[in-house]
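Thanks for coming. I will go through one structure, part by part, and you can follow along on the screen.

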Number of protein chains: 2
Amino acid sequence: MIIALSGGVGGAKLALGLSRVLPPEELLVVVNTGDDFEHLGLSISPDIDTVAYTLAGLANREVGWGRHDETWSFMETIEGLGGETWFRLGDRDLALHVERTRRLRRGESLSAVTEDLCRRMGILQRIVPMSDDPVRTRLLTEEGWIDFQDYFVRRRCEPVVKELRFHGAETAQPHPTFMAALADPALQGVVICPSNPFISVEPILAIPGVRDALVACKAPVIAVSPIIAGRAVKGPTAKMMTELGLDPSAGTVAHRYADLLDGYVIDNADMAEVVSIDARVTLAQTLMTTMEDRETLARTVLDAAAVLRRRK
Amino acid sequence: MIIALSGGVGGAKLALGLSRVLPPEELLVVVNTGDDFEHLGLSISPDIDTVAYTLAGLANREVGWGRHDETWSFMETIEGLGGETWFRLGDRDLALHVERTRRLRRGESLSAVTEDLCRRMGILQRIVPMSDDPVRTRLLTEEGWIDFQDYFVRRRCEPVVKELRFHGAETAQPHPTFMAALADPALQGVVICPSNPFISVEPILAIPGVRDALVACKAPVIAVSPIIAGRAVKGPTAKMMTELGLDPSAGTVAHRYADLLDGYVIDNADMAEVVSIDARVTLAQTLMTTMEDRETLARTVLDAAAVLRRRK
C-alpha cells in the first residue's frame, strides 16, 4: 500500500497519476484540511474536493478548482441579490457542500461523509482527511492575522506572509486510518505530493504524532518537489518562501522535511541542487501537463520507493 | 393604501393584479409564513418567495412555484450524491435561500431580509411576512402530526387531514408594518386573496391581535373565494374541506371569515351561494388565467372596496 499526502491541485495531479498505476485498494490519499472553512453557512473542504473531483474525472483542469461540467446560475443570482461572490461556488459544486454540511450537522464525521460521497462519485481509492477535528490555517501578514481563504482567494495571495499557524492542530487527532496505514507492515511507501509545504503539507505534519510516525515508518518517505527552477508550478509557494526569508528552491523544501525524508524527486532542471539534499535524489520531469506525465511521475516515485525499501 | 393577505400561488396572482392597477406605494402584501421550514440547512419561505417571484416577473407560471429562468444542476448533482431531492430547489432559487439564511443567522429579521432582497429583485411594492417570529403549520393526519412541507410536497397532500395547528402563533407578534397599516386612516381596504383558508390565511389570522384588528379596521375587508363551483383552482383546499367535514363551497370559506368580512367576491358559477353569505357579495370571473384576468379581478375587488367604504 502507498500513502499519498496531498494538498490541492499539484498533489491531486500526482494522486491521479498514482491512482492510474496502482490497484485502487493500494492507494490511500491523506488530504490537508487546513484550508477548510465555513462560507455562506456551508462547510467547504477545498483540498478534499480537488482530490475527489480529480480522481473522479470531474475536475476542471483549466482553472485548477471546481468541476469541468459546472454551471453558474447560483453565483449569477446571488450576485444580483447582493450576496458574497469572492469564493466562486458552481451549481454542481454547491451540491457537494450542501450535502456534506447537512451530514456534518447531523453528527457524521468528515471522513465518513467524505468516504460515502467519494464512493458515490465513483472513486475506488480511499481519500481521508488528515483529521476529523477542525484545523484552520491562519497567516500573519503585514495586515495582521488573516484566515486562509481570505488570503488565498479573496486577497489572491497578495499580502506578504510572515508566519503561519494551524489552529486546532495541537489538539487534533490524526485520522486513525492514516496512522494505522503508517504502522502497517504492508506499507510500501509514503509519497509527499508536490504541494505547497507551508499550507498543504505542514498542516498534516503539525498534527501530534504524525511527524513521529513518519520518522518511525518502516516504509520509505519520498517527497516530490513543488518547486522547479526556483518557481512554483502553481500558487504562492515560491512567493511565500521569499517572504519567509527562505531561498525558493527544491532544496529548501527538502530541508523542511529533512527529519523524515528518505527519497526526494526533483526536476531535471534542478540537478545542481542534488548536492545540498540529504536524501536519495531522483531526477525526473516533475511538471505534470498531460495524463502521461502524471502516470510517468507516479511510476518514477514508486520505483524510487522500491529501491529505498531494499535499502531501509 | 390596500393591504393584501396572501399565501402562495392563488394569492400571488391577485397580488400581481393589484400591483398592476395600483401605484406601487399603495400596496402592502402581508404573506403567510406558516409554510416556512428549514431544509438542507436553509431557511425557506415558500409563500414569500412565490409572491416575490410573481411580482418581480420571475415566477414559473406553469408549475406555480420557483422561477421561469431556472437551471437544475444542483438538484441533479445532489441526487447523485444521495442527498434529499423531494423538495426541488433550482440553482437560482437556491441563491435566494442561501443569502436569506446567511442574513437571518447574522441576526437580521425575516422582514428586513425580505425587504432588501425584494428591492434587489426590482419589486417596488412592500412585501412583509405576517410576523418575524417563527410560526409553523402542522397537520394532524391519520398518520399523526406532520410538518407542513412533509404533507404538502413530500406526501403531495395525500394524507387525510383532521386538524391543523400553527405552532408558535400564540406567542408571535404580528408584523408592525401590518398592524400600523390596519390602523392607518388612509387604508382603503383589506383584500383576503384567493388562498387556501386553512393553510394560507388562517395562520395569519391566528397571530394574536390580527383578527381583532381586522374586525376593528375602518376600511372594508373583502375576500376572494378560492373555491369555484366546489373545486379549488389549485391545491388541496376542497380536499381538506371535505376531510374536515365541511362542504367544499365558496360559502364555507366566507363563514370562516364571517366575523371580519364586509365584502366577498365569488365566481359567477357560484351565484346560487349568494343567499348563504353574510357579506356584500360581488360576482366576477375569479379564475385568473391571463394577466388581464388578474388585473380585471383586482379592479373588481378595488371597486367593491370603494362601494363598501361609502357604506361603512
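Strand β6 of chain A, residues 136–141, pairs with β7(A) in the antiparallel sense, and the pairing runs over 4 bridges. One bridge you can look up yourselves is that of A:T141, whose partner in β7(A) is A:G144. Bear in mind throughout that this is a predicted model.

Those two strands belong to an open sheet of 3 strands in chain A, in the order β7-β6-β8, with antiparallel pairing. At its edges stand β7 (144–147) and β8 (161–167) of chain A; each has a single partner strand, so one side of each is left without a neighbour in the sheet. From one strand to the next, the twist averages 25°. As a reminder, strands of a sheet pair through backbone hydrogen bonds, either parallel or antiparallel.

Next, the two chains. How is chain A superposed on chain B? By a rotation of 180° with 0.0 Å of shift along the axis, at an RMSD of 0.0 Å. That is the relation of a two-fold axis. In chain A, the C-alpha nearest the axis belongs to A:D91, and the distance is 3.0 Å.

Now the contact between them. Chain A puts in 23 residues and chain B puts in 23 residues. On the chain A side, the elements that give two or more residues are α3 (73–80), α4 (91–105) and α5 (110–120). Which of these gives the most? It is α4(A), with 10 residues. By type, the chain A side divides into 9 nonpolar, 8 polar and 6 charged residues. Of the interface residues of chain A, 100% are also interface residues in chain B, so the copies meet through the same surface.

Let me stay with α4, this time in chain B. The helix covers residues 91–105, which is 15 residues, and it reaches 21 Å from its first C-alpha to its last, close to the 21 Å expected at 1.5 Å a residue. Is α4(B) largely enclosed or largely open? Enclosed: 12 of its 15 residues are buried, so the rest of the structure largely encloses the helix. Among the buried ones are B:D91, B:R92 and B:D93, then B:L94, B:A95 and B:L96, and further along B:R102 and B:R103.

What do the buried residues of α4(B) pack against? From chain A, they pack against α3 and α4. From chain B itself, they pack against β4 (42–44), α2 (46–55), α3 (73–80) and α5 (110–120). Just after the helix, B:G107 takes a positive phi of about 105°.

That brings me to two other backbone angles, both outside glycine. A:L40 has a phi near 55°, a positive value in a residue other than glycine. A:L40 sits in the loop between β3 (37–39) and β4 (42–44) of chain A. Is A:L40 buried or exposed? There are 22 C-beta neighbours inside 10 Å, so A:L40 counts as buried, the cut-off being 20 or more.

The other one is B:A229, with a phi near 50°, again positive and again not a glycine. Its place is the loop between β11 (227–228) and β12 (231–232) of chain B. B:A229 is partly exposed, because 15 other C-beta atoms lie within 10 Å.

That is what I had. Questions are welcome.

Notes:
Residues are numbered from 1 along each chain as its sequence is written. Chains are lettered from A and ligands numbered from 1 in the order in which they are written. This is a predicted model: local features need pLDDT of at least 70, side-chain atom pairs count only at pLDDT 80 or more; totals for chains, interfaces and linings use all residues. Two residues are in contact if their C-beta atoms, placed from the backbone, lie within 7 Å. Ala, Val, Leu, Ile, Met, Phe, Trp, Tyr, Cys and Pro count as nonpolar, Asp, Glu, Lys and Arg as charged, and the others, Gly among them, as polar. The expected span of a helix is 1.5 Å times one less than its number of residues. Two strands pair if DSSP finds at least two bridges between them. Axes are lines fitted to C-alpha atoms, for helices over the stretch in contact, and angles run from 0 to 180 degrees between N-to-C directions. Copies are superposed by least squares on the C-alpha atoms of residues with pLDDT of at least 70 in both.
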